[in-house]
Amino acid sequence: MRIPFTKMQGAGNDFVVLDETRGRLGLTEAHYRFLGDRHFGVGADQILTVRPSPAEGIDFEYVIHNADGNEVEQCGNGSRCFARFVHDKGLTTKDRIRVQTMKGVIEPRLNADGRVTVDMGAPVFALADIPFDASGLTLQPMGAWGNWPLAIVDIAPAAPLLIATVSMGNPHAVTLVDNVDTAAVATLGPAVQANPRFPQGVNVGFLQVVDRSHVRLRVFERGVGETLACGTGACAAVVSGVRLGLLDARVEVQTHGGVLTIEWAGGDAPVFMTGPATTVFHGEIDLPE
Ligand SMILES: N[C@@H](CCC[C@H](N)C(=O)O)C(=O)O
């Protein structure tokens, strides 16, 4: 079967985007893996599928598969590309779009400067909802780190690691580092990710605070590995930094692939993410049987 696709990227986090607004393509997990494969397929961190409105007041549904073929709840950079895709393809004329994801409705808005701002909803801290099993762990109030849910994760053979856990629809663990360039992303990322305390896995963020409104961030994503940027990871990192008292409500997040602006007023307020969304090329590909 030959299918059309669009290759897109947002701050270097790259996507194969599929249009299912006029009917399902009937893809399997193996097909998503193939599309994400950088050697045998197209190559992408995630495969995004656009579907018609599932309910009154919602414009589209948007389904996300990681490069490993698994369906996941949320993708921040992908949501900006989704908005650019439906707009450029003439599937909507709206600048503000309401889209159903696996974990709730988010609202991207196309800005005059070409960037996209997304209302990502409020962060979730309840450990069971992340989900994160903290049984037997001493959750901190940690002095200068403030009174918030920090946990010491028992990652052998490395020394215990302090992490902040938060869900942006999908699970995140954030740890502070002195310098992202020397952070042990390639070893600690998979170790935290595979920790059984995260029954559904986790995206692992390494956050370097530069000043109260600037951070640097690397994220080892679930189902992919390290990516050039992670939108929900940027939201999770800023939310964690704000809760620690280290960051202001508006922060520029420098990733290896570009800059994202994250705004969070605290509490139950939604997180707003602003960044680029770019079409790279359109193509067609034959799927293996
Ligand atoms: N790249 C994304 C996150 C995609 C999903 C993530 N890998 C997960 O498994 O939760 C983003 O921009 O948020």
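Helix α2 gives the most to the shell around the ligand, with 3 residues. This is a predicted model, and the ligand site is a convenient place to start reading it. The shell counts 19 residues, and the closest to the ligand are N77, N170, R222, G231 and T232. Two helices, α2 (76-88) and α4 (231-243), each supply at least two residues of this shell. Sorted by class, the surrounding residues comprise 12 polar, 4 nonpolar and 3 charged.

The ligand shell also brings the two parts of the chain into view. Domain 1 takes in residues 2-121 + 276-286, and domain 2 covers 127-269. The C-alpha centres of the two domains are 25 Å apart. Contacts between them involve 21 residues of domain 1 and 20 residues of domain 2. On the domain 1 side of this contact there are 11 polar, 6 nonpolar and 4 charged residues. Each of the two domains contributes at least three residues to the shell around the ligand.

The UniProt record adds annotation to this picture. Its unreviewed entry places the feature "binding site" at N13, Q46, N66, G76, N77, N170, N203, E221, R222, G231 and T232. The same kind of record, again an unreviewed entry, gives "active site" for C75 and C230. These two cysteines are spread over 156 residues of sequence, yet they cluster in space, with a largest C-alpha distance of 7.8 Å.

Taking the two cysteines in turn, C75 sits in the loop between β5 (71-72) and α2. C75 is buried because 30 other C-beta atoms lie within 10 Å of its own. Beyond its neighbours within four places in sequence, C75 is in contact with Q46, I64, G231 and T232. Q46, G231 and T232 also appear among the positions that UniProt lists as "binding site". C230, for its part, belongs to the loop between β15 (225-227) and α4. With 34 other C-beta atoms within 10 Å, C230 is therefore buried. Residues up to four places away in sequence aside, C230 touches N13, N77, N203, V219 and E221. Of these, N13, N77, N203 and E221 carry the "binding site" annotation in the record.

Two of the annotated partners of C230 lie in strands. N203 is part of strand β13 (residues 203-211), while E221 is found in strand β14 (residues 214-221). N203 is buried, as 27 other C-beta atoms lie within 10 Å. E221 has 28 C-beta neighbours inside 10 Å, so E221 counts as buried. Leaving out residues within four places in sequence, the contacts of N203 are N170, P171, H172, V219, E221, R222, C230, T232 and G233. E221, on the equivalent count, touches D45, N203, T227 and C230. N203 and E221 thus touch each other, and C230 is a contact of N203.

Away from these annotated positions, helix α1 (residues 29-36) offers a clear example of a helix with a buried side. Its buried residues are H31, Y32, L35 and G36. They fall on the same side of α1 because they cover an arc of only 135° around the axis. The general rule behind such patterns is that an α-helix has 3.6 residues a turn, so residues three or four places apart point the same way. The exposed residues E29 and A30 are carried on the face turned away from the buried side of α1. The cover over the buried residues of α1 includes β2 (13-19), β3 (46-52) and β4 (60-66).

Two details of backbone geometry complete the description. Most residues other than glycine have a negative phi, and most peptide bonds are trans. A11 has a positive phi of about 60° although it is not a glycine. A11 is placed in the loop between β1 (2-10) and β2, and it counts as buried because 26 C-beta neighbours lie inside 10 Å. The other detail concerns I130 and P131, which are joined by a cis peptide bond with an omega of about -10°. P131 is located in the loop between β8 (116-119) and β9 (140-141).

Terms used
Residues are numbered from 1 along each chain as its sequence is written. This is a predicted model: local features need pLDDT of at least 70, side-chain atom pairs count only at pLDDT 80 or more; totals for chains, interfaces and linings use all residues. UniProt positions are given in the numbering used here, feature names are shortened, and annotations may be inferred rather than shown by experiment. Helices (H or I, at least four residues) and strands (E, at least two) are DSSP runs, numbered from the N terminus. A residue is buried if 20 or more other C-beta atoms lie within 10 Å of its own, exposed if 12 or fewer, and partly exposed in between; C-beta atoms are placed from the backbone. Two residues are in contact if their C-beta atoms, placed from the backbone, lie within 7 Å. Domain bounds come from an automatic or database domain assignment. Ala, Val, Leu, Ile, Met, Phe, Trp, Tyr, Cys and Pro count as nonpolar, Asp, Glu, Lys and Arg as charged, and the others, Gly among them, as polar. The arc is that of the directions from the helix axis to the C-beta atoms. A residue is near a molecule or strand if its C-beta atom, placed from the backbone, lies within 6 Å of it.
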